[in-house]
Amino acid sequence: MEQVQGNHFNVNDLTAEEQQLLKNIQEKKQQLLLEIQDLKREIQDVTNELEGMDVGDESKPNPKAKQITIGRKKFNMDPKKGIEYLIQHDLLQNTPLDVARFLFQGEGLNKTAIGDFLGERNDFNIDVLKAFVNLHEFSDMILVQALRQFLWSFRLPGEAQKIDRMMECFAERYCTLNPGVFVNTDTCYVLSFAIIMLNTSLHNPSVKDKPTVERFIQMNRGINDGGNLPEELLANLYDNIKKEPFKIPEDDGNDLMHTFFNPVKEGWLMKQGDFIRGRYKNWKRRWFILNDNCLYYFQFTTDKEPKGIIPLENIQVREVPNEKARPHCFELFSSGSSEIIKACKVDSDGKVVEGRHSVYRMAASSVEEKEEWINCVRASINDNPFYDMLAARRKNATGSSVRPR
């Protein structure tokens with residue numbers, strides 16, 4: 001006599017087809033357990049290798065080079081721990097300038113990890129950020145050239161507060177090295193983002209309405225403390241971006257690993273399928289990872305790339321009243337003007353397509369798990385605070401508030 005999920009019945013009472021289905025489920029479960037065990041062994045092997053390298057062999061020539069390599073690997077997986085390792089082994093001085101030089105040289109470093117470290121909000125990291133920016137030489141460069149150099153040295157993180165601090169430091173450095181170009185740093189800050197957004201509008205194929213140079217000039221009127229920047233300057237910036245888009249630094253393949261290495265939350269959830277022909281498709285079990293203001297879901301934990309990505313912008317989360325058919329449900333829904341949630345997924349042909357969900361409904365395994373997911377998602381929801389910051393900075397740049405010169 002066997003028991004399946006609390007239901008008592010004799011397997012022999014099942015039809016041959018049902019018995020085969022039960023056997024397939026058990027085999028898949030066993031296969032999944034084996035895959036998890038293999039993954040755990042791989043992680044342990046890498047950990048043992050790193051720990052073994054930590055010991056080092058002082059009899060071999062140039063042991064410092066090996067330790068530097070270890071430090072770089074540790075930095076790419078966890079920037080804080082990597083810097084701590086290098087300082088502990090006397091490979092870096094515990095000063096903002098020495099750490100900034102290490103990041104500025106960037107050899108073997110993941111540029112996403114550099115951006116994450118520079119964006120951290122504590123006194124030491126902020127001092128490193130300032131020193132890092134001051135290592136850039138922007139003298140006699142037009143603003144777009146300076147931006148190209150700056151944005152090539154790391155990858156901007158996704159958090160608005162981090163972007164704000166970084167661009168503030170950039171604007172201050174540029175204005176210090178090029179006095180008289182702008183009335184104040186707010187002008188430089190606002191124009192820098194106008195250039196970045198212009199780059200996206202001109203070179204992103206999904207943007208159909210391409211801005212003209214006249215519209216670009218019009219958009220930036222009054223940002224020089226209430227005055228207008230020279231139209232020739234703005235036209236030159238426009239032409240520069242139109243001829244050559246920004247180059248985004250390609251990382252070393254660790255982007256997804258870095259994103260998923262230390263998630264806010266991860267685990268299995270049941271996900272309801274698309275709404276097609278008047279009804280929802282079946283529920284499917286998916287592995288979810290919450291990080292960087294996005295919710296990623298995978299078919300298996302061993303998948304290297306997600307099946308879908310749901311950016312948590314203009315999104316809200318709510319509990320769904322208990323249903324007998326599927327308890328412990330919660331759902332994401334749009335809080336913006338559009339009912340469709342901006343998301344993407346991989347279709348059956350392997351193509352990345354835009355999601356068409358108005359609601360994403362998931363089910364957890366327990367009440368506690370459901371509440372934890374709701375709390376974590378709610379804490380990660382991003383209502384685009386950066387645009388509020390940019391609006392405030394534009395207000396200052398146009399002279400709408402009194403500022404010291």
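The paragraphs below go from the whole chain to a few of its helices and residues.

The model is predicted. Its protein chain holds 14 helices and 13 strands. Of the 405 residues in the chain, 38% are buried. The accessible surface of the chain comes to about 23,700 Å², and carbon and sulfur atoms account for 49% of that surface. Among contacts in the chain with a separation of 6 or more, 60% join residues 24 or more positions apart.

Helix 5 covers residues 111-119. The helix is mostly covered, with eight of its nine residues buried. At the start of its sequence range, the buried residues include Lys 111, Thr 112, Ala 113, Ile 114 and Gly 115; Phe 117, Leu 118 and Gly 119 are buried as well. The N-terminal end of helix 5 is capped by Asn 110. In this cap, a side-chain oxygen of Asn 110 lies 2.8 Å from the backbone nitrogen of Thr 112.

The next part concerns a pair of helices. Two packed helices are described by the angle between their axes and the distance between the axes. For helix 9 and helix 11, the angle is about 40 degrees and the axes are 9 Å apart. Helix 9 is therefore oblique to helix 11, and the two cross in a right-handed sense. On the helix 9 side, the contact is made by Leu 191, Ile 195, Leu 198, Asn 199, Leu 202 and His 203. On the helix 11 side, the residues are Leu 234, Leu 237, Tyr 238, Ile 241 and Lys 242. An α-helix has 3.6 residues a turn, so residues three or four places apart point the same way.

One of the helix 9 residues in this contact is Asn 199. Helix 9 spans residues 185-203, and helix 11 spans residues 231-243. Asn 199 has a relative accessible area of 12%, and because buried means under 20%, Asn 199 counts as buried. With neighbours within four places in sequence left aside, Asn 199 is in contact with Asn 204, Ile 241, Pro 245 and Phe 246. Of these, Ile 241 is also among the helix 11 residues that make the contact between the two helices.

The last stop is a strand. Strand 7 runs over residues 294-298 and contains Phe 298. The relative accessible area of Phe 298 is 3%, so this residue is buried too. Phe 298 and Ile 309 are 11 residues apart in sequence, and the distance between them in space is 9.4 Å, C-alpha to C-alpha.

Note on methods. Residues numbered from 1 in each chain as written. Predicted model: local features only at pLDDT ≥ 70, side-chain atom pairs only at ≥ 80, totals over all residues. Heavy atoms only, no water. Buried < 20%, exposed > 50% of the residue type's maximum accessible area, 1.4 Å probe, protein only. Helix = DSSP H or I, 4+ residues; strand = E, 2+ residues; numbered from the N terminus. Polar contact = N/O pair within 3.5 Å; in protein donor to acceptor, adjacent residues only side chain to side chain. Contact = heavy atoms within 4.5 Å. Areas by Shrake-Rupley, 256 points an atom, 1.4 Å probe, with all protein chains shown as cover. Axes fitted to C-alpha atoms, helices over the stretch in contact; angles between N-to-C directions. Parallel < 35°, antiparallel > 145°, perpendicular 65-115°, else oblique. Left-handed = near helix turned anticlockwise from the far one by under 90°.
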